[in-house]
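Visitor: I should like a close look at a single part of this model, namely the way in which two helices cross. Please then place it beside the strand pairing.

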Amino acid sequence: MNYTITHSTSIVNGVGNYKKYKNGIADRVKLIHFTMNYIIKHNLIDFCDNINIHVKPIKKFYGLYYHDIHDRARVELNVRNATSTMIRTILHELKHSEQYKQDRLKVIYDYKRKSWIDFWEGNEVSDRSKKYEDYRNLPWEIDARTTEKYAPQILAEYIVEISKNKELVI
Ligand SMILES: [Zn+2]
């Protein structure tokens, strides 16, 4: 499974508030590569091929998943995420990619109702409220959270890895 990692120019150039993330971006990229390689090696998630993982500043979210009508897949990760949060978010967003790839989650435009309708395993999930609690209870969110259980093991192995290279700063 192929993937690419990119990051926003505001981080690279250290513009404004993101000056402090400039030096950390190489570590973020290393962590994402490590997590992706772990997921692929252990066959944890069947995510979409050629997925783009983009690191940028995001307001209010740890990460976001985008899937377009051409099956182009993109994960956005918040550059501010702590190491454990970053791993958990990658697992979570990749699970959404698998849901689309396996057609468990589908979004279809209904011309009569002039709105996008979500389908989960063939059933319409129409009542999308804006409340956080309702969002948490959406079936694809409950399903995506199940993969987060792998995060502690990945974190433990990542710490071993960076300790080996004597890069661990305590
Ligand atoms: Zn989610």
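Guide: A crossing of two helices is right-handed if the near helix is turned clockwise from the far one by less than a right angle, and left-handed if anticlockwise. By this convention, H3 passes H6 in a right-handed crossing. The model is predicted, so local features require pLDDT of at least 70 and side-chain atom pairs pLDDT 80 or more, while totals for chains, interfaces and linings use all residues. Residue numbers start from 1 along each chain as its sequence is written.

Helix H3 comprises residues 83-101 and helix H6 residues 151-164 (DSSP runs numbered from the N terminus, H or I of at least four residues for helices and E of at least two for strands). Their axes come within 9 Å and cross at roughly 130° (lines fitted to C-alpha atoms over the stretch in contact, with angles from 0 to 180 degrees between N-to-C directions). H3 is therefore oblique to H6 (neither under 35, over 145, nor 65 to 115 degrees). On the H3 side, Thr83, Ser84, Ile87, Arg88 and Leu91 take part in the contact, and they meet Ala151, Ile154 and Leu155 of H6 (C-beta atoms, placed from the backbone, within 7 Å).

The strand pairing can now be set beside this crossing. Strand S2, residues 51-56, pairs with strand S4, residues 73-78, in the parallel sense over five bridges (pairing requires at least two DSSP bridges). Within that pair, Asn52 stands opposite Arg74, and His54 faces Glu76. S2 also runs parallel to strand S1, residues 3-7, again through five bridges; there the bridge partner of His7 is Val55.

The side chains of S2 alternate: Ile51, Ile53 and Val55 point to one face and are buried, whereas Asn52, His54 and Lys56 point to the other and are not (buried means 20 or more other C-beta atoms, placed from the backbone, within 10 Å of the residue's own). Asn52 and His54, which stand opposite S4 residues Arg74 and Glu76, thus belong to the face that is not buried.

S4 has a further partner in strand S3, residues 63-67, with which it pairs in the antiparallel sense over five bridges. Here Tyr66 stands opposite Arg74. The hairpin of S3 and S4 has five residues between the strands, and Asp71 takes a positive phi near 60° in it.

Terms used. Buried ≥ 20, exposed ≤ 12 C-beta atoms within 10 Å, placed from the backbone. Contact = placed C-beta atoms within 7 Å.
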